[in-house]
Amino acid sequence: MRFNKGLSNRTKLSAGMCFATILVSLPTMASPWLESNDPFLRSSLHKLSDNHLLLAPMSSYPLRWSTLGDDIKTKHSDASVRYAVQHLRHAMNNAQFSRGNVMAKAIYQSTPQAHLGFGDKGTDKWGIYSSYDHLDDDFSFRLSINYADSLKPSASLSGSDSKYDTDVNFKGSHLSFNLGFGLVSLGYLERWWGPSWQHNVQQASFGEAAPSLQVSWVGEQMPVLGFWNFDTVVDYIDQEASYVWSNRFIAKPHPAFEFGLNYQLSDEDKSESQLMIYGIDGRLTLPKFQGLSHAVFANYQNIELDESTSAVVYGWEGHLHAWGTEVTIVLEGQSVDEQDREKWSGTQQRVLNDRTSTLWGDSYSLAFYGQLPNDHRISIVRRDSQSDRTHEKASQIDYHIPFQQGMFSFGLGYVDYASPNKTIDEPNFDFGYEYRY
């Protein structure tokens, strides 16, 4: 098996894996990771974990395929999880054999949607994207060349208040070196740290990524802790704060429970203050009920910048198979003890807005993900957030249809956003097509 040299049986993908017996047409990237852009694949992963079929922790994305390894075998799967097993095995086979490593994609959004969580489309109004992936024993790389109307970084504006600029970019490109248990990566990697889906108060890319250097380590089973992973990342921020250093440790001491610890620190800004975030999160699988696999999760983060504040995300997710459809439902909430933002620089606010949901304030969301028997996919997300400076209501429904070697996507949403700088009150229509060969 390529790209897992030197790993134990738990962390090796079986070379004798058969191909999935179903056709899962959703494009999957030929890379060493399960990436943070596919909520449907994440749903399958969580369902297997909630049925105690995975021993590895899974709350840090991108998640190395080698951490899943031999945990997923056909002999362990019954009818209720068969689709999830086949979905995940098909995606791993694509990564293992570099299928679909050439990609071309085009998208358009009339009013770029607000951040709506894991697998976010990003904020480009329109774009044409291309990439080539190569996966080898000792290294892998992705070369991406894009032309898009993208948000222009601003030290004084953040999120929906930012302006746009049309240009060529190389976002998505990266180079990785395999060190056995370790993996060193340089480039643009979208990350999602924590068990939540729509909110994230420690680190989330929301469809965007900054240049970074990341080192990931897959740990073998230890007493009490079980299997564990560690990631450390330096992100370059092209404004007053030159970098953000982020660290995350996750462990799964029991098949029904995993937890994570994180610590982040920014460089000093012009006023010689630093942004520091640290906290803990956990996910607990609940007893199965009438075919429903479900879990609760929570994430507490302390945020220090001159003064100290805190943020909490909590939620429930459930998975079931009904009428031939894989269904995932997520209920989530966020509570923030807000600071006086006048003390924060524009860049510090942008870092918090682009990487976390902290500036949303108190917030609630409901999400539905459905994987239909004909490989069509549907997602519905509703979020209502209010802070002392902004109020945002966002709704979005997306439908994905496989065609040839790619996927059409159509979406319709509505954004009602108000801040001291800008007001948005209009629908959003988006569509796109991604082709792989």
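Begin by selecting α2, residues 82–96, in this predicted model, and display its surface: the helix is mostly covered, with 14 of its 15 residues buried. Measured against ideal geometry by eye, the helix should look regular in length, since its 15 residues reach 21 Å from the first C-alpha to the last, close to the 21 Å expected at 1.5 Å a residue. Step just past the end of α2 to Ser-98, which takes a positive phi of about 55 degrees.

Next, keep α2 in view and add the side chains of the largest nonpolar core, a set of 23 residues in which Leu-34, Leu-45, Leu-48, Trp-65 and Leu-88 have the most contacts inside the core. Two elements, α1 (39–50) and α2 (82–96), each give two or more residues to this core, and the largest share, six residues, comes from α2. In soluble globular proteins, nonpolar side chains tend to be buried together.

From the core, move to the open sheet whose three strands lie in the order β2-β10-β11 with antiparallel pairing. Select β2 (60–61) and β11 (203–204) as the edge strands, each of which pairs on one side only. Then zoom in on β2 and β10 (residues 192–193), which run antiparallel and are joined by two bridges; within this pair, select Tyr-61 and look across to Trp-192, its bridge partner in β10.

Now zoom out to the whole chain, which contains three helices and 24 strands. Of its 437 residues, 59% are buried, while the chain exposes about 17,500 Å², 60% of which is supplied by carbon and sulfur atoms. If contacts are drawn between residues at least 6 apart in sequence, 60% of them join residues at least 24 apart.

Finally, colour the model by pLDDT, for which the chain has a mean of 83, with 83% of its residues reaching 70 or more. Among the elements, select helix α3 (residues 346–355), which has the lowest mean pLDDT (70), and then strand β20 (residues 362–371), which has the highest (96). Residues 1–27 deserve a separate selection: their pLDDT is below 50, although the model gives this stretch 89 contacts beyond near neighbours in sequence. A last selection, residues 154–159, also has pLDDT under 50, and here the model has 16 contacts beyond four places in sequence.

Methods. Residues are numbered from 1 along each chain as its sequence is written. This is a predicted model: local features need pLDDT of at least 70, side-chain atom pairs count only at pLDDT 80 or more; totals for chains, interfaces and linings use all residues. Side-chain values use heavy atoms; hydrogens and water are left out. A nonpolar core is a set of buried Ala, Val, Leu, Ile, Met, Phe, Trp, Tyr and Cys residues joined through side-chain atoms within 4.5 Å. Buried means under 20% relative accessible area, exposed over 50%, partly exposed in between (1.4 Å probe, protein chains only). Helices (H or I, at least four residues) and strands (E, at least two) are DSSP runs, numbered from the N terminus. Contact means heavy atoms within 4.5 Å. Accessible areas come from the Shrake-Rupley method with a 1.4 Å probe; for residues, only the protein chains shown count as cover. The expected span of a helix is 1.5 Å times one less than its number of residues. pLDDT is the predictor's confidence in each residue, from 0 to 100. Two strands pair if DSSP finds at least two bridges between them.
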